[in-house]
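Trainee: Could you walk me through this one? I'd like to hear the reasoning behind the labels people use.

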Amino acid sequence: MTLHLHAFDTPNARKISVALEEMGLPYEVHVVDITQGEQFDPAFLAISPNNKIPALVDTDGPAGAPISVFESGAILLYLAEKTGQFLPKDPVARVAVQRGFAVPLRRG
Ligand SMILES: N[C@@H](CCC(=O)N[C@@H](CS)C(=O)NCC(=O)O)C(=O)O
């Protein structure tokens, strides 16, 4: 397994699991219980320095080197570029998708 999703049950984290499922990518979930302060664990901070989930580690990143990605929009963009899915080549359509990637979600 090369993709490791560090997440808790929140809308921003769900965005990433939905994308991974829609892209047909296998991944492993690592629960970071933000109600128990696990986002401040030094091992997690090395992945996500802003102490927020979701974060993604791809052990097969660019040029085969591991990479950590945090911020849900950046993760969606990374996965779209990695797979070539959901990111149109047409610049106008591409902007519309990128704008969608940047929309933050909050618990209602
Ligand atoms: N802009 C960030 C927001 C992520 C975010 O707010 N994560 C919250 C849970 S949804 C979190 O980890 N909070 C823990 C903390 O701030 O200590 C994104 O889209 O990934």
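**Reasoning from values to labels**

Mentor: Sure. This is a predicted model, and a good place to start is the ligand: around it sit Thr10, Asn12, Ile34, Gln39, Asn51, Lys52, Ile53, Pro54, Glu71, Ser72, Gly73 and Pro104.

Trainee: How do those shell residues divide into nonpolar, polar and charged?

Mentor: There are four nonpolar, six polar and two charged residues in the shell. Ile and Pro count as nonpolar, Glu and Lys as charged, and Gly goes with the polar ones.

Trainee: Ile53 is on that list. Why does Ile53 count as buried or exposed?

Mentor: Count its neighbours: Ile53 has 25 C-beta neighbours inside 10 Å. The cut-off for buried is 20 or more, so Ile53 counts as buried. You'll find Ile53 in the loop between α2 (42-45) and β3.

Trainee: Which residues does Ile53 touch, leaving out those up to four places away in sequence?

Mentor: They are His6, Ala7, Phe8, Thr10, Ala13, Val32, Ile34, Gln39 and Ser48. Take Gln39: Ile53 and Gln39 are 14 residues apart along the chain, with 7.4 Å between their C-alpha atoms.

Trainee: What kind of peptide bond joins Ile53 and Pro54?

Mentor: A cis one, with omega at about 0°. As a rule, most peptide bonds are trans. Pro54 also lies in the loop between α2 and β3.

Trainee: Why are α1 and α3 called roughly parallel?

Mentor: Look at the angle. The axes of α1 (residues 11-22) and α3 (residues 72-83) cross at roughly 10° and come within 9 Å. Angles under 35 degrees count as roughly parallel, so that is the label for α1 and α3. On the α1 side, the contact uses Asn12, Lys15, Ile16, Ala19 and Leu20, while α3 brings Ser72, Ile75, Leu76 and Leu79. By class, this contact of α1 with α3 has six nonpolar, two polar and one charged residues.

Trainee: Which residues touch the most other members of the largest nonpolar core?

Mentor: Leu5, Ala7, Ile16, Leu20, Leu56 and Ile75 do, out of 16 residues in that core. At least two residues each come from β1 (3-7), α1, β3 (55-58) and α3. The largest share is from α1, with four residues.

Trainee: And what does Leu5 touch, beyond residues up to four places away in sequence?

Mentor: Leu5 touches Ile16, Ser17, Leu20, Tyr27, Val29, His30, Pro54 and Leu56.

Trainee: Now Val103. Why is Val103 counted as buried or exposed?

Mentor: Val103 has 9 C-beta neighbours inside 10 Å. Exposed takes 12 or fewer, so Val103 counts as exposed. Val103 sits in the segment after α4 (91-101). Its C-alpha is 9.6 Å from that of Asn12, although the two are 91 residues apart in sequence.

Trainee: What makes the phi of Ala63 worth a look?

Mentor: It's near 60°, a positive value in a residue other than glycine. Most residues other than glycine have a negative phi. Ala63 is in the loop between β3 and β4 (67-70). With 6 other C-beta atoms within 10 Å, Ala63 is exposed.

Trainee: Where is Phe86, and how do you know whether Phe86 is buried, exposed or in between?

Mentor: Phe86 is in the loop between α3 and α4. It has 16 other C-beta atoms within 10 Å. That count falls between the cut-offs of 12 and 20, so Phe86 is partly exposed. Its phi is positive too, near 65°.

How values were computed:
Residues numbered from 1 in each chain as written. Predicted model: local features only at pLDDT ≥ 70, side-chain atom pairs only at ≥ 80, totals over all residues. Axes fitted to C-alpha atoms, helices over the stretch in contact; angles between N-to-C directions. Parallel < 35°, antiparallel > 145°, perpendicular 65-115°, else oblique. Contact = placed C-beta atoms within 7 Å. Near = placed C-beta within 6 Å. Core = buried A, V, L, I, M, F, W, Y, C linked by C-beta atoms within 7 Å.
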